[in-house]
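Work through the exercises below with the sequence and the model open side by side. Each task is followed by a solution that proceeds in steps.

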Amino acid sequence: MRLDIITIFPEYFAPVQVSLIGKAVQRGDISVAVHDLRAWAHDPHKTVDDTPFGGGPGMVMRPEPWGEALDAVLGNGGEFRAQGPIPEGAELIVPTPAGARFDQSAAAELAGIPRLVFACGRYEGIDARVISYARTRLPVRELSIGDYVLAGGEPAVLVMIEAICRLLPGVLGNAESAADDSFGAGAGAMHGLVEGPAYTRPRNWRGLEVPEVLLSGNHGAIARFRRDEALRRTALTRPDLVAALPEESLSARDRQVLSEAGFASSGEDVAH
Ligand code: 6GU
């Protein structure tokens, strides 16, 4: 997978060189190019923003540097502007709090795309014509990582890259761990639930014991215990997820655990 990031803060992306993603970059499974938007600002001050038409607070990123940046990064020699071919399989991702929610299914979809170009906006966003124009040339997604406002798209892009790249084959040490985690879709996944707690050695730590069943070697009992814990924790921290569970996905035991945790069998929270 190839990633291009266009930003006024290239230093912000140093973290892609570390941890699992950094190792995948070193192996050549992922290539990352970070581009400084100011390289395409031609005035002495390398201005990339201006006041909004119609008035109001904040600044808007000017279209010209963005147009040239996308021409250079996406077009093989300016072809982006010249209506020539866009690199096969490329998509443009624009992080914005006004975008559609970036969630695990979006991450899984994007993990299947060979080339992602991230356009990080600052201030009050990028002149809207840049996105309209780009939509005539390649698929564009405006994405938000949650209902809060960041000063810029950079941290959101780091989050998206981490979520996407850990789904690529070979990036996680254990091929099953991505599929099996909260929101994953693997054989061991707790579909639609968050994961319960995990334990490792020592069996007794500061007087606290590891739950006995996990030491039993009884795989059926362990799976049941983990599902109970996942149901309890999801009921406590994410009642919205419990309410969204399809009724037919719940066994009698599941419903009992949920009802003990304060949920009616309809999936509604009856605790308050
Ligand atoms: Cl993608 N960008 C900004 N600036 N703020 C956000 C966001 C993105 N997602 C949530 N808040």
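## Exercises on a predicted model

Strand 5 supplies the largest share of the shell around the ligand, namely 3 residues. The model is predicted, and the exercises start from this shell.

**Exercise 1.** Identify the residues that surround the ligand, and state which strands each supply at least two residues of the shell.

*Solution.* Begin with the residues themselves: the ligand is surrounded by Pro 95, Thr 96, Pro 97, Leu 143, Ser 144, Ile 145, Gly 146, Tyr 148, Leu 150, Gly 152 and Ala 156. Next, assign them to elements: strand 5, which spans 90-101, and strand 7, which spans 140-144, each contribute at least two residues to this shell. Finally, sort the shell by class, which gives 7 nonpolar and 4 polar residues, with no charged residues.

**Exercise 2.** Determine which residues place a polar backbone atom at a short listed distance from a nitrogen atom of the ligand, and then state what percentage of the ligand's exposed area the protein buries.

*Solution.* Taking the contacts in sequence order, a polar backbone atom of Ile 145 is 2.9 Å from a nitrogen atom of the ligand. For Tyr 148, the distance between a polar backbone atom and a ligand nitrogen is 2.5 Å. At Leu 150, a backbone N or O atom lies 3.1 Å from a nitrogen atom of the ligand. Turning from contacts to area, the ligand taken alone exposes 290 Å², of which the protein buries 96%. As a last step, place the ligand among the pockets: the space that it takes is the second largest pocket.

**Exercise 3.** Find the residue whose side chain meets that of Arg 101 in a salt bridge, and explain which parts of the chain the pair ties together.

*Solution.* The partner is Asp 147, and the N to O distance between the two side chains is 3.2 Å. Arg 101 lies in strand 5, whereas Asp 147 lies in the loop between strand 7 and helix 5 (154-165), so the salt bridge ties together parts that are 46 residues apart in sequence. For the structure as a whole, the count of salt bridges is 18.

**Exercise 4.** Examine the backbone at Pro 202 and at Ser 19, and locate each residue in the secondary structure.

*Solution.* At the first site, the peptide bond leading from Arg 201 to Pro 202 is cis, with omega near 0°. Pro 202 belongs to the loop between helix 6 (175-180) and strand 8 (204-205). At the second site, Ser 19 has a positive phi of about 65°, although this residue is not a glycine. Ser 19 lies in helix 1, which comprises residues 19-27.

Definitions and conventions
Residues are numbered from 1 along each chain as its sequence is written. This is a predicted model: local features need pLDDT of at least 70, side-chain atom pairs count only at pLDDT 80 or more; totals for chains, interfaces and linings use all residues. Side-chain values use heavy atoms; hydrogens and water are left out. A residue is near a molecule or strand if one of its heavy atoms lies within 4 Å of it. A polar contact is a pair of N or O atoms within 3.5 Å; within protein, one must be able to donate a hydrogen and the other to accept it, and residues adjacent in sequence count only if both atoms are side-chain atoms. Accessible areas come from the Shrake-Rupley method with a 1.4 Å probe; for residues, only the protein chains shown count as cover. On a 1 Å grid over the protein atoms alone, a cavity is a set of points where a 1.4 Å probe fits but cannot get out, and a pocket is an open set with protein on both sides within 12 Å along at least five of seven lines; lining residues have an atom within 4 Å of a point. A molecule sits in a cavity or pocket if more than half of its atoms lie within 2 Å of its grid points. Helices (H or I, at least four residues) and strands (E, at least two) are DSSP runs, numbered from the N terminus. Ala, Val, Leu, Ile, Met, Phe, Trp, Tyr, Cys and Pro count as nonpolar, Asp, Glu, Lys and Arg as charged, and the others, Gly among them, as polar. A salt bridge is a side-chain nitrogen of Lys or Arg within 4 Å of a carboxyl oxygen of Asp or Glu.
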